[in-house]
Amino acid sequence: MIKNTIIALVATAAFAGAAAPAFADVFGDNASTEMREFTANSILAELQQKGINATSVEDWSGLIRAYVTLEDGTQTMQFFTPGSLEQVTL
């Protein structure tokens, strides 16, 4: 729990405002493993702050694919635009 709180605080500070659209670029092929993991944790924390019970995220053809646990306990994939994290349907 403390780890998630720290990640959320770091994510908010590091990716506030204009830095948010950079998510898609960071998930590119040239990003280090550590940077990809940090970015994924930051996006995960932001989704959770929005009330989305996401358990993991990854780059998926220019979108953010999140694995989300629903209220009934089932898990589904949801897709979000990089930066704004607005949900999209495919």
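**Side-chain contacts and burial in the predicted model**

A salt bridge joins the side chains of Glu-58 and Arg-65, with a nitrogen-to-oxygen distance of 2.2 Å. The structure is a predicted model, and the count of salt bridges within it comes to one. The two partners differ in their exposure class: Glu-58 is partly exposed, at a relative accessible area of 27%, whereas Arg-65 is buried, at 17%. The value for Arg-65 places this residue in the buried class because that class takes in relative accessible areas under 20%.

The protein chain contains three helices and four strands. Along the sequence these elements follow the pattern α-α-α-β-β-β-β. The chain has 90 residues, of which 32% count as buried. Its exposed surface amounts to about 5600 Å², and carbon and sulfur atoms supply 55% of that area. Among contacts between residues at least 6 apart in sequence, 28% join residues at least 24 apart.

The largest nonpolar core consists of twelve residues: Ala-40, Ile-43, Leu-44, Leu-47, Ile-52, Ala-54, Val-57, Ile-64, Ala-66, Val-68, Phe-80 and Leu-85. Two or more of its residues are given by each of helix H3 (33-49), strand E1 (54-60) and strand E2 (63-69). The largest share, four residues, comes from H3. In soluble globular proteins, nonpolar side chains tend to be buried together. Val-57, a member of this core, illustrates how its parts are connected. Leaving aside neighbours within four places in sequence, Val-57 is in contact with Ala-40, Ile-43, Leu-44, Leu-47, Ile-64, Arg-65 and Ala-66. Among these partners is Arg-65, the residue that also takes part in the salt bridge with Glu-58.

Helix H3 was examined further with respect to its geometry and burial. For its 17 residues, a rise of 1.5 Å a residue gives an expected span of 24 Å, and the end C-alpha atoms are 24 Å apart, so the two values agree. The buried residues in H3 are Thr-39, Ala-40, Ser-42, Ile-43, Leu-44, Ala-45, Glu-46 and Leu-47. An α-helix has 3.6 residues a turn, so residues three or four places apart point the same way. After H3 comes Gly-51, which has a positive phi near 90°.

Positive phi values also occur at two residues other than glycine, Ser-61 and Leu-85. Ser-61, with phi of about 50°, is located in the loop between E1 and E2. Leu-85, with phi near 55°, is located in the loop between strand E3 (75-80) and strand E4 (87-88). The surroundings of these residues contrast: Ser-61 is exposed, with a relative accessible area of 71%, while Leu-85 is buried, with a relative accessible area of 2%. Leu-85 also belongs to the largest nonpolar core.

Strand E3 contains Met-77 and Gln-78. Met-77 counts as partly exposed, at 40% relative accessibility. Beyond its neighbours within four places in sequence, Met-77 is in contact with Arg-65, Ala-66 and Tyr-67. The C-alpha atoms of Met-77 and Arg-65 are separated by 6.5 Å, although the residues are twelve apart along the chain. Gln-78, in contrast, is buried, at a relative accessible area of 16%. With neighbours within four places in sequence again left aside, the contacts of Gln-78 are Ile-52, Ile-64, Arg-65, Ala-66, Val-68, Leu-70 and Gln-87. Several of these partners are members of the largest nonpolar core, including Ile-52, Ile-64, Ala-66 and Val-68. Arg-65 and Ala-66 appear in the contact lists of Met-77, of Gln-78 and of Val-57.

Aromatic pairing was searched for across the whole structure, and one pair was found. The ring centres of Trp-60 and Phe-79 lie 4.7 Å apart and the ring planes meet at 50°, so the arrangement is tilted. This pair links distant parts of the chain, with Trp-60 in strand E1 and Phe-79 in strand E3, 19 residues apart. As with the salt bridge, the partners fall into two exposure classes: Trp-60 is partly exposed, with a relative accessible area of 32%, and Phe-79 is buried, at 12% relative accessibility.

Methods: Residues are numbered from 1 along each chain as its sequence is written. This is a predicted model: local features need pLDDT of at least 70, side-chain atom pairs count only at pLDDT 80 or more; totals for chains, interfaces and linings use all residues. Side-chain values use heavy atoms; hydrogens and water are left out. A salt bridge is a side-chain nitrogen of Lys or Arg within 4 Å of a carboxyl oxygen of Asp or Glu. Buried means under 20% relative accessible area, exposed over 50%, partly exposed in between (1.4 Å probe, protein chains only). A nonpolar core is a set of buried Ala, Val, Leu, Ile, Met, Phe, Trp, Tyr and Cys residues joined through side-chain atoms within 4.5 Å. Contact means heavy atoms within 4.5 Å. Accessible areas come from the Shrake-Rupley method with a 1.4 Å probe; for residues, only the protein chains shown count as cover. The expected span of a helix is 1.5 Å times one less than its number of residues. Rings of Phe, Tyr and Trp (its six-membered ring) pair if their centres lie within 6.5 Å; planes under 30 degrees apart count as stacked, over 60 as edge-to-face and the rest as tilted.
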